[in-house]
Amino acid sequence: MRIRFKRYLFLTHRWLGIVACVFFAMWFISGVVMMYIGYPKLTERERLQHLPALDAQLNLLSPKQALDAADITGPLTELRLANASGGKPVYLVIPKSTNHDASGHKRTPPGKGTVVIDAQSGERLRSVDVPHALASAAAYAGNGIPVTYLDSVDEDAFTHSRGLDAHRPLHRIQLADEEGTQIYVSGATGEVVRDATSTERVWNYAGAWIHWLYPFRGNFFDPYQADIVIWLSVLGTVAAVAGTIVGIMRWRFSKPYRSGSRSPYHVGVMRWHHITGLLFALITITWIFSGLMSMNPWRIFNSGAPPLQTELMQGGALTISAQDAAPKTLLAAVNRPISELRWTQTLAQTTVQAYGAAGTPTLLNSQTAQPRVIDPDALLASARELLPEPVASVEQLNQYDLYYYARDPHTMGGGSEKPLPILRVIFDDPHATWVHIDLHTGTVLGKIDSHRRTSRWLFAMLHSWDWLPLLERRPLWDMLLILLSLGGAALSITGVIIGWRRLGKKLRAV
């Protein structure tokens, strides 16, 4: 029985390893690229920086006038004003019914159902043609940078993200800037939704595009791409564990072989594979397994927790009335250039968040245009309405910690705004829910339950090593990850060579 187990173990490692090592080598090398150049994305900060400032001298329609002109009534999910479409000031509106069902669950992708209204004429945008897309691109580029229309794409190598589904097809436009930037304009709203510099485009073929197996996206394999990644990771983990056991079994800890070596292979690629396997087996298993966890296989991190009752916390849905001030009044009340105005419902009062090209937004009363300051005590009292269960504890975070932290914009989880200070409200519910709330705006930033905290450890910590004491001591983080990646790549490449030679012998024998 023991001999049979040993034989099966060797065969498992040998034949699974031939395939697995090809992907291991690819993942290790592309992972190093991703440390410095991520998959193209348009971060919120980039978007705001490229939006032309709103002109306070223009007599733009009030939000109520714009909604009436577009025949939109009832509560809203989102209302924004910016020079975001066609280079002109427009209202971007998502009526509540188009994005949520009765229980508050999202039922369509973000951006789906957005209505674009010209803020000067009240006319609804019916389609985004080429001239409109070029005007959006020119406004985004600024400084008179020439723009050239390339084509319309449904999906390409740099737009696989599901978050863009609501905006397809996309207009692809080339900017004549120093970075050789290509931008993608939404076919639904006319907004710029992605940018990709020439550096990002070139390096992504050796980075995120190949690391995430995006060659399987946008073709026959598209419905199976996630399953392909999951099962390759499962088989890779099995192959790595089997190889580790084989490597330990074949290493002489007490008495060396006749050659004097403790490995049965005293020269050649086999010896290098054996030694690098022993040295880098643990990190290989860790990274392949944590990569599997990134896919949330079989939805193991979905807790089934009910949605937060955000509308109840904020005192109702966002509604607009004739008493809400016109943009000219709001812009005049802010002593700085403003890129975007956003209307929100905050603690039973309609509030306008005025965003500049950088920094935190200025909060205004939507009717009087007077500055508004969120009362922390009132915010905490309202936060108790987010879930039916009682609040166990509350803490104020003034700096990042293990569960709330920022990453560089190019990284997989980076690019989203992580303001400080925030409130962390911990509920005494079956899912051990934590809710993070921005103290400045009163916005619910997100929730994290016990399942998601487990995911944070099994994926983010093990795969990206985003442990703050290490991230704060760069280049130590860089050196460790590069060293371990090179070791894993050496293990994988020697495995590929061994497998290639073995298959060659088998084929010649046939």
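By a cavity I mean a set of grid points over the protein atoms where a 1.4 Å probe fits but cannot get out, and that is the term I need for the opening part of this talk. Please keep in mind throughout that what we are looking at is a predicted model.

With that meaning in place, the structure holds one cavity of 30 Å³ or more, and the volume of this largest cavity comes to about 100 Å³. Which elements each supply at least two residues of its lining? They are helix 2, residues 44-50, together with strand 1, residues 76-85, and helix 5, residues 130-141. Of these, helix 5 provides the largest share of the lining, namely three residues. If you want to find the place on the screen, look for the lining residues, among them Leu 42, Arg 47, His 50, Asn 83, Ala 84, Ser 136, Ala 139, Tyr 140 and Glu 191. Taken by class, the lining of the largest cavity divides into seven nonpolar, three polar and two charged residues.

Let me turn now to the second largest pocket, which has a volume of about 590 Å³ and is lined by 28 residues. The lining residues that lie nearest the centre of this pocket are His 13, Arg 14, Gly 243, Val 246 and His 273. Two or more lining residues come from each of helix 1 (2-34), helix 8 (225-249), helix 9 and helix 15 (476-509), and helix 1 gives the most, with eight residues. The class count for this lining is 14 nonpolar, 11 polar and three charged residues.

Helix 9, which spans residues 268-294, is one of the elements of that pocket lining, and I would like to spend the rest of the time on how helix 9 packs against other helices. As a general matter, two packed helices are described by the angle between their axes and the distance between those axes.

I begin with helix 8, whose axis comes within 9 Å of the axis of helix 9, the two crossing at roughly 155°. Because angles over 145 degrees count as roughly antiparallel, helix 8 is roughly antiparallel to helix 9. The crossing of helix 8 with helix 9 is left-handed. On the helix 8 side the contact includes Ile 230, Val 234, Ala 240, Val 241 and Ile 248, and these belong to a set that meets residues of helix 9 including His 274, Leu 278, Ile 285, Ile 288 and Phe 289. The residues of this contact divide into 11 nonpolar, seven polar and no charged.

How do the axes of helix 9 and helix 15 cross? They come within 8 Å and cross at roughly 130°, and the two helices are therefore oblique to each other. Helix 9 passes helix 15 in a left-handed crossing, and the contact is made up of 13 nonpolar residues, nine polar and one charged.

Lastly, helix 9 packs against helix 13, residues 450-464, at an angle of about 135° with the axes 8 Å apart, so that this pair, too, is oblique. Helix 9 passes helix 13 in a left-handed crossing. Here Thr 286, Trp 287, Phe 289, Ser 290, Gly 291, Met 293 and Ser 294 of helix 9 meet Leu 458, Phe 459, Leu 462 and His 463 of helix 13, and these residues comprise six nonpolar, five polar and no charged. Phe 289 thus appears in the contact with helix 8 and again in the contact with helix 13.

Note on methods
Residues are numbered from 1 along each chain as its sequence is written. This is a predicted model: local features need pLDDT of at least 70, side-chain atom pairs count only at pLDDT 80 or more; totals for chains, interfaces and linings use all residues. Side-chain values use heavy atoms; hydrogens and water are left out. Axes are lines fitted to C-alpha atoms, for helices over the stretch in contact, and angles run from 0 to 180 degrees between N-to-C directions. Helices (H or I, at least four residues) and strands (E, at least two) are DSSP runs, numbered from the N terminus. Angles under 35 degrees count as roughly parallel, over 145 as roughly antiparallel, 65 to 115 as roughly perpendicular and the rest as oblique. A crossing is left-handed if the near helix is turned anticlockwise from the far one by less than a right angle, and right-handed if clockwise. Contact means heavy atoms within 4.5 Å. Ala, Val, Leu, Ile, Met, Phe, Trp, Tyr, Cys and Pro count as nonpolar, Asp, Glu, Lys and Arg as charged, and the others, Gly among them, as polar. On a 1 Å grid over the protein atoms alone, a cavity is a set of points where a 1.4 Å probe fits but cannot get out, and a pocket is an open set with protein on both sides within 12 Å along at least five of seven lines; lining residues have an atom within 4 Å of a point. Grid points are joined across faces, edges and corners, and a volume is the space filled by probe spheres set on the points.
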